[in-house]
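Dear colleague,

I am passing on the structure we spoke of, with its sequence, and below it you will find notes on what turned up when I went through it. Please read them with the model open beside you.

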Amino acid sequence: MASRDVSTMIKQGFISDPTLSLSFSPSRTTSSTTLSRLYSPASSPPPPTESSRSSQDPTLFEMMSEEHLRDSKTMEESRKKTQTRVAKFLTELKISSFNNWGLGSGDIRLTIVSRDGYKVSMDVHRRVLSEKSRFFAEKLSQRREKGISHTVEISECDDVEVYVETVVLMYCDDLKKRLIGENVNKILALLKVSAAIKFDAGISSCLEYLEAVPWSEDEEEKIISHLSQLELHSSMMDILQRVSSEPSTSARADDIFLKLLTGVLQAKDDKARREMKTLISRLLREDSFDDDNRLDVSKDTLYHLCHRCLSSLVLCLSEATCMDSSRRDRGVLMAEIAREADNLQWIVDILIDKRMADDFVKLWADQRELAELHSKIPTMYRHEISRITAQLCIAIGRGNILVPKDSRFSLLSTWLEALYEDFGWMRRASRSVDKKLVEDGLSQTILTLSLRQQQVILLGWFDRFLNKGDDCPNIQRAFEVWWRRAFIRRYADLQDGSQLQITVCSYPS
């Protein structure tokens, strides 16, 4: 038999009876057989007596023998279950061949052999196999022309049960109904065999099933992997539409991100809004296996939303400062302030996570009008705004935002006083505010400034802390470091004390 013919049989072959030979049998590994002989009970030494068992632990050989016995028992039970299911399929085959095709006994003896030697033989019909499978039609046609007897063997099968069931499906008149209730793994196995033997009706029915049923995430990965291996390009497009569409541009994806984020910012139901914020934040943080193909929200979209939130905050605070002349309800207006501040905190969180927040530090530092309005309304309504400053200080203190010294100092110059004023309310009103985290972030941010800037800020904090106590952030650690830098270590007058000398000498050549 030509090697090209062997290749087309996809690791399967037709084996004739002893009178004529057309065979295909890939080389088999013998490691499992060798292990079986080594550790079989027949080759084991006589078991120890009861007295010796009680006085010593089992030997390694005994433990390996027991494990082999357990594995053998498990394999035997699995084989019995397989035989039961195969017997059921063979019964179904006889009924279907008569009811659906009006056929009696078969004219071909088909034997399917697994890799471990388990074999199943069944009587099938040339007519059915030739009509349903292009692979069988081609091979059986060649055999007829050459007058070869009707005995066929498919060897080295991964799963005999699946092969048998696939043959049974050829006799079925309603494949869609027959497959209802099967699990995805079984359908994928049937699809693989159907594709191997070119059983077109089986392929179509399996694909229709996969297109119609829901998938778990694990099943989704298996399905995509199997379909890519089988290369059923024209047939699998309906299925792949569930997980892919026409090539998306970043601009088109950004429009979707903008719509989703805007929807969350403008949501009317607070509970649903909180849930969707959590969900979208988690999805945006998820790692991608292939970052080159990942479509992510753009920096422009996030900053567009930041500017929108800032404009809304300025408008709300402007109305709040002239509440007497405004007809709006104070409670409603203050709720809007808290909501817009919370929206901005969420977008800033995304910016920090995406490492895009450096420009926002400067943007927030430049909000002097907002800071001025902030100072004119009661603390109980405005403290959520100061959480944005705390958020930025924590990120700077952790090294998650890298901005120039001037931007860091400008941030504190604009908003540090407001943070001092609101800190007591922030700590009491919100369980999500971690007092120590805010204090550490603020301390670290201050210590990144020049020594003169540290001095200005920390001397101002010293007086405030003595008067406010716990209502002021406790940044003693930053104060201690500044003190040592200013009065003990005295790095300011440090000159280049290096004694390294470099001498250039010329040697005669």
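**Salt bridges**

E286 and R282 are paired in a salt bridge, in which the closest N and O atoms are 3.9 Å apart. Neither partner is hidden from the surface or fully open to it: E286 is partly exposed because its relative accessible area is 42%, and R282 is likewise partly exposed, since its value is 45%. Elsewhere, salt bridges that share partners tie E92, E165, R178, E182 and K186 together into one network. Please bear in mind throughout that this is a predicted model, and that the values I quote should be read in that light.

Within that network, the pair that I would look at is E92 with R178, whose closest N and O atoms are 2.9 Å apart. This pair connects distant parts of the chain, for E92 belongs to helix α4 (residues 60-99) and R178 to helix α8 (residues 175-179), with the two positions 86 residues apart in sequence. As to their surroundings, R178 counts as buried because its relative accessible area, 18%, falls under the 20% limit, whereas E92, at 21%, counts as partly exposed.

A more local case is given by R127 and E131, whose side chains meet in a salt bridge with an N to O distance of 3.5 Å. Both residues lie in helix α5 (residues 126-132), where they are 4 residues apart, about one turn of the helix. R127 is partly exposed at 44% relative accessible area, while E131, at 52%, counts as exposed because that value is over 50%. The count of salt bridges comes to 31.

**The protein as a whole**

The protein has 23 helices and 3 strands, and buried residues account for 40% of its 509 residues. If one takes the contacts between residues at least 6 apart in sequence, 71% of them join residues at least 24 apart. The area that the protein exposes is about 30,600 Å², of which carbon and sulfur atoms supply 51%.

**Two charged residues in buried positions**

R273, which is found in helix α14 (residues 270-285), counts as buried, because its relative accessibility is 6%. Once its neighbours within four places in sequence are set aside, R273 is in contact with V264, L265, A267, R339, D342 and N343. R273 and G263 are 10 residues apart in sequence, and their C-alpha atoms are 8.8 Å apart in space.

K354 sits in the loop between α16 (330-353) and α17 (358-365), and it too is buried, since its relative accessible area is 16%. Again leaving out neighbours within four places in sequence, the contacts of K354 are with L284, R294, D296 and V297.

**Patches on the surface**

Two patches on the surface are worth a look. In one of them, E217, D218, E220 and E221 gather to form a patch of negative charge. Of these residues, E220 is found in helix α11 (residues 217-230), and it counts as partly exposed because its relative accessibility is 33%. The other patch is nonpolar and is formed by W483, F487 and I488, which together have about 350 Å² of accessible area; F487 lies in helix α23 (residues 476-489).

**Backbone points to check**

Most residues other than glycine have a negative phi. Against that background, E156, which is not a glycine, has a positive phi of about 60°. E156 is placed in strand β3 (residues 151-157), and it is buried, because its relative accessible area is 6%.

K198 is also not a glycine, and its phi is positive as well, at about 60°. K198, however, is found in the loop between α9 (184-196) and α10 (200-212), and at 31% relative accessibility it counts as partly exposed. The two residues thus sit in unlike settings, E156 being in a strand and buried, and K198 being in a loop and partly exposed.

With best regards

Methods
Residues numbered from 1 in each chain as written. Predicted model: local features only at pLDDT ≥ 70, side-chain atom pairs only at ≥ 80, totals over all residues. Heavy atoms only, no water. Patch = residues over 30% accessible without salt bridge, like charges linked within 9 Å, V, L, I, M, F, W, Y side chains within 5 Å. Areas by Shrake-Rupley, 256 points an atom, 1.4 Å probe, with all protein chains shown as cover. Salt bridge = Lys/Arg side-chain N within 4 Å of Asp/Glu carboxyl O. Lys, Arg positive; Asp, Glu negative; His and termini not counted. Charge placed at Lys NZ, Arg CZ, Asp CG, Glu CD. Buried < 20%, exposed > 50% of the residue type's maximum accessible area, 1.4 Å probe, protein only. Contact = heavy atoms within 4.5 Å.
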